[in-house]
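Biologist: I would like to go through this model with you. Please give the reasoning before each value or name.

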Amino acid sequence: MPRPIHRLFNRLFNRCLLLLCASAITVPAQNPAPKDVRIVAKDGQTAIPKLALYLNSPALDTRIEVVKQLTDLGGKDSLDPLMTASHDPDPEMQMRSIDGLVNFYLPGYVRQGPAASIARAGASIKAKFSDTNDQVIDGFVTVRPEVIATVGKLASGGNGMDVRASACRAIGILRGRAAIPDLVEALHSKDNNVMYEALVAIRKIRDPEAGPKVVFLLRDLDDRIQSAAIEDAGLLQAKDGLPALRGIVASPRGSKPERSALGAIAMMPEPADRALLQRYLVSKDERLRAAAVEGLGRIGDPGDHAAIDKVWKDDDKMPPRLASAFALTLGGDLALAENGPFRYLLNTLNSSAWRDTAAAYLMEAARHPAVLAALHQPLQTGTRDEKIQLAHILAVSGDASTVPWLDTLSRDSDSNVAQEGLRALRSLRARL
């Protein structure tokens, strides 16, 4: 063999030998133990293709460890293996894959998601669902359609009710509008936890077309389900449910359903409901008074202005005070004087106890061009909390005229304000 060819052959042989050795070091046996999976995962993102192969392991504890490591590694390359893992028949595998998929879009979710509290009893699992269910991704975050489809299938047909409830929660967090048919199917599951999580998810997605699909639950015997269905009907403007809501108000089985039903009517009042709402202006229950004045504000009949103004001036409870401030703001009272209703709503954004209520009112009121225009100036002059809350409000209710205001806010001298301003700007631009 000529010497140049001999040297080339030796180089190729040595390189192949090195590659084989490296492979032998980093890749464990065909049936790895969980510790072997952890060893492979130390290679970081480059380990994901190797980890994906172990999803076919006959050992459940190995497959579970693979999903844990894929979730910890994250990155876009982890999504396909996690979707593959969701097809595993084991309920823990399904639940951990759900948490892993959500964790990619909402980092940190895996530490508090349902899979974090799994307890096994043979082939079955039990998870604890936290009462806090207000998480949702930012409006500018785009979720792969395949991810929504994967989680949707688990919501309607996962292996066990805890899996299905976990998937419903995930759909809401990911704003998975395409999975609404799966959520509607989950509403018919007869499992209270699944039904509740599906209702909350539908509420987060805010698709009005889903509103009529929850009406059949307005008379559900479980208080939590009924309350969630009533809130959904109001927020989604499900007017098909108005007869049932009026019936609940007329003959409630408790104060909570009565409050919820009147609140839902107030979200979508018709002129025919005006007399009903007027009667509740003098209720001893402050929540009912608040719902009444709120509904009258939305109807907008000039004949109710004096009654609304009386609540604003005379009522000393926060719910009716805020509701009357909202109603007067809708009526065009946009003065920034300290004793005015519009200023009162803005000031309440500084209150940790009531800012969510004030923000919800301003978010709705901002859909009126005059109110939206009036909210731009406080972005420059407001307190730190006011600026942050207004950024959230305008991300949802702003229009093209809001863009330069949020752009300025994104460069605020306060880094926290600037960060929220940038997030709001990105969400608004994604929506426009």
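The questions and answers below concern a predicted model.

Biologist: What share of the residues of the protein chain count as buried?
Modeller: The protein chain has 24 helices and two strands. Along the principal axes, its C-alpha trace spans about 105 × 50 × 30 Å. Of its 432 residues, the share that counts as buried is 52%.

Biologist: How much of the contacts with a separation of 6 or more comes from residues 24 or more positions apart?
Modeller: The count takes contacts in the protein chain with a separation of 6 or more. Within that set, residues 24 or more positions apart account for 62%.

Biologist: How far apart are the end C-alpha atoms of helix H11, and what span should its residues give?
Modeller: Helix H11 covers residues 223–235, which is 13 residues. At 1.5 Å a residue, the expected span is 18 Å. The end C-alpha atoms agree with that, being apart by 18 Å.

Biologist: Which helices do the buried residues of H11 pack against?
Modeller: The buried residues of H11 include Ile225, Ala229, Ile230 and Ala233. Gln226 and Asp232 are also among them. The buried residues of H11 pack against helix H10 (192–205), helix H12 (242–250) and helix H13 (255–267).

Biologist: At the start of H11, which residue has a side-chain oxygen that reaches the backbone nitrogen of Arg224?
Modeller: At the other side of the helix, H11 is followed by Gln237, whose phi is positive, near 55°. At the start, the backbone nitrogen of Arg224 has a side-chain oxygen within 3.0 Å. That oxygen belongs to Asp222.

Biologist: Are H7 and H9 roughly parallel or roughly antiparallel?
Modeller: The axes of helix H7 (residues 145–157) and helix H9 (residues 180–187) come within 8 Å and cross at roughly 15°. Angles under 35 degrees count as roughly parallel, so H7 and H9 are roughly parallel.

Biologist: Is the crossing of H7 and H9 left-handed or right-handed?
Modeller: H7 passes H9 in a crossing that is left-handed. Gly152, Lys153, Ala155 and Ser156 of H7 make the contact, together with three residues of H9: Asp182, Glu185 and Ala186. The hand of the crossing is left-handed.

Biologist: Which residues of H7 make the contact with H6?
Modeller: The axes of helix H6 (residues 91–105) and H7 come within 11 Å and cross at roughly 145°. This crossing is left-handed. From H6 the contact takes Gln94, Ile98, Leu101 and Tyr105; from H7 it takes Val147, Thr150, Val151 and Leu154.

Biologist: Is Arg96 buried or exposed, and at what relative accessible area?
Modeller: Arg96 has its place in helix H6. Not counting residues up to four places away in sequence, it touches Ile64, Val67, Lys68, Thr71, Ala115 and Ile118. The cut-off for buried is under 20%, so Arg96 is buried, with a relative accessible area of 19%.

Biologist: Which side chain makes a polar contact with the side chain of Arg96?
Modeller: The polar contact of the Arg96 side chain is at 2.8 Å. The partner is the side chain of Glu92.

Biologist: Which residue has a backbone oxygen 2.9 Å from a polar atom of the side chain of Ser189?
Modeller: Ser189 is found in the loop between H9 and H10 and counts as buried at 14% relative accessibility. Leaving aside neighbours within four places in sequence, Ser189 is in contact with Met161, Arg164, Val194 and Met195. The backbone oxygen 2.9 Å from its side chain is that of Ala186.

Biologist: What is the phi of Lys190?
Modeller: Lys190 lies in the loop between H9 and H10. At 76% relative accessibility, Lys190 counts as exposed. Although Lys190 is not a glycine, its phi is positive, about 70°.

Biologist: What is the phi of Arg206?
Modeller: Arg206 has its place in the loop between H10 and H11. It counts as partly exposed, at 44% relative accessibility. Arg206 is not a glycine, yet its phi is positive, about 60°.

Biologist: How far apart in space are Lys128 and Ala115, C-alpha to C-alpha?
Modeller: Lys128 lies in the loop between strand E2 (124–126) and H7, and is exposed, with a relative accessible area of 67%. Leaving aside neighbours within four places in sequence, Lys128 is in contact with Pro114 and Ser117. Lys128 and Ala115 are 13 residues apart in sequence, and C-alpha to C-alpha they are apart by 8.3 Å.

Terms used:
Residues numbered from 1 in each chain as written. Predicted model: local features only at pLDDT ≥ 70, side-chain atom pairs only at ≥ 80, totals over all residues. Heavy atoms only, no water. Helix = DSSP H or I, 4+ residues; strand = E, 2+ residues; numbered from the N terminus. Expected span 1.5 Å × (residues − 1). Buried < 20%, exposed > 50% of the residue type's maximum accessible area, 1.4 Å probe, protein only. Contact = heavy atoms within 4.5 Å. Polar contact = N/O pair within 3.5 Å; in protein donor to acceptor, adjacent residues only side chain to side chain. Axes fitted to C-alpha atoms, helices over the stretch in contact; angles between N-to-C directions. Parallel < 35°, antiparallel > 145°, perpendicular 65-115°, else oblique. Left-handed = near helix turned anticlockwise from the far one by under 90°.
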